[in-house]
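Welcome, and please take a moment to look over the sequence and the 3D view. We will begin at one residue and work outwards from there.

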Amino acid sequence: SPEAARNTSSWPRRSPMTPSAEGSEPRGKLRIWKVVNLPDEPKVLPVLSRAEPFTPGFCRAPPEDMVIAWLRNGDSVRQVGHSKRIRGHMVMPVRLLRDGEGEGEVEETEEGWVTR
């Protein structure tokens, strides 16, 4: 019948958004980013308290009161929201991931913004 044809779709049905096991966030992709290809200098890629673009080789350094942490090669961050385009750069909200005390444990620490 035309009514039945109108209610069917060639796309599979999505399951409803349900809370994850943590109970706080809806189910979605878990995006973990690993820092690679940075120069071996200290203080190259900052995690900031505000969404501001500061990239390696940028002509000026961010104010120290905005800096939460400095990322180095091998560090990992978890993306916690949607990225923004600010002055031609993509800035994303992240939570720093640090190795925990147990084997394979990862501890989420500070939260801020980083330029990708």
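D75 is buried, because its relative accessible area is 12% and the cut-off for buried is under 20%. Keep in mind as you look that this is a predicted model. You can find D75 in the loop between β3 and β4. From that loop, the side chain of D75 reaches back to the backbone nitrogen of R72, at 2.8 Å. Leaving aside neighbours within four places in sequence, D75 is in contact with W33, K34, V35, W70 and R98. One of these partners, W33, is 42 residues away along the chain, yet the C-alpha atoms of D75 and W33 are separated by 8.5 Å.

Another residue of this loop deserves a visit. N73 also lies between β3 and β4, but is N73 buried, partly exposed or exposed? With 35% relative accessibility, N73 counts as partly exposed, since that value falls between the 20% and 50% cut-offs. What does the side chain of N73 reach at 2.8 Å? The answer is the backbone nitrogen of L38, and the side chain of N73 also reaches the backbone nitrogen of N37, at 3.3 Å. In sequence N73 and L38 are 35 residues apart, while in space their C-alpha atoms are 6.0 Å apart. Setting aside neighbours up to four places away, the contacts of N73 are V35, V36, N37, L38 and D40.

Now let us step back and see the whole chain. It has one helix and seven strands. Follow the sequence from its start and you meet the helix, then the strands one after another, in the pattern α-β-β-β-β-β-β-β. Of the 116 residues in the chain, 28% are buried. The accessible surface comes to about 8800 Å², and carbon and sulfur atoms account for 50% of it. What share of the contacts between residues at least 6 apart in sequence joins residues at least 24 apart? That share is 46%.

Next, look inside. In soluble globular proteins, nonpolar side chains tend to be buried together. Here, the largest nonpolar core has twelve residues: V35, L38, V44, L45, V47, A69, L71, V77, M92, V94, L96 and V114. Three elements give two or more residues to this core, namely β2 (45-48), β3 (67-71) and β6 (89-99). The largest share comes from β6, with three residues. Apart from this core lies another one, of five residues, including L48, F54, M66 and W70. You have already met some of these names: V35 and L38 of the largest core are both contacts of N73, and W70 of the other core is a contact of D75.

M92, a member of the largest core, leads us on to the next stop. Beyond its neighbours within four places in sequence, M92 is in contact with W33, Q79, S83, G112, W113, V114 and R116. Choose Q79 from that list and you arrive in strand β4 (residues 76-79). Q79 counts as buried because its relative accessibility is 14%. Its side chain makes a polar contact with the side chain of W33, at 3.0 Å. Not counting residues up to four places away, Q79 touches R31, W33, M92, P93 and V94. W33, then, is a contact of Q79 as well as of D75.

There is also open space to explore. Rolling a probe the size of a water molecule over the atoms shows where empty space is left. The second largest pocket has a volume of about 220 Å³. Which residues are closest to its centre? Of the 14 residues in its lining, they are K34, V35, L45, T115 and R116. The strands β1 (32-34) and β7 (106-115) each give two or more residues to this lining. Two of the central residues, V35 and L45, also belong to the largest nonpolar core.

Finally, visit two loops to see a detail of the backbone. K43 has a positive phi of about 55° although it is not a glycine. K43 lies in the loop between β1 and β2 and is exposed, with a relative accessible area of 54%. R87, found in the loop between β5 (84-86) and β6, is not a glycine either, and its phi is positive at about 45°. R87 counts as exposed, at 58% relative accessibility.

How values were computed:
Residues are numbered from 1 along each chain as its sequence is written. This is a predicted model: local features need pLDDT of at least 70, side-chain atom pairs count only at pLDDT 80 or more; totals for chains, interfaces and linings use all residues. Side-chain values use heavy atoms; hydrogens and water are left out. Helices (H or I, at least four residues) and strands (E, at least two) are DSSP runs, numbered from the N terminus. Buried means under 20% relative accessible area, exposed over 50%, partly exposed in between (1.4 Å probe, protein chains only). Contact means heavy atoms within 4.5 Å. Accessible areas come from the Shrake-Rupley method with a 1.4 Å probe; for residues, only the protein chains shown count as cover. A nonpolar core is a set of buried Ala, Val, Leu, Ile, Met, Phe, Trp, Tyr and Cys residues joined through side-chain atoms within 4.5 Å. A polar contact is a pair of N or O atoms within 3.5 Å; within protein, one must be able to donate a hydrogen and the other to accept it, and residues adjacent in sequence count only if both atoms are side-chain atoms. On a 1 Å grid over the protein atoms alone, a cavity is a set of points where a 1.4 Å probe fits but cannot get out, and a pocket is an open set with protein on both sides within 12 Å along at least five of seven lines; lining residues have an atom within 4 Å of a point. Grid points are joined across faces, edges and corners, and a volume is the space filled by probe spheres set on the points.
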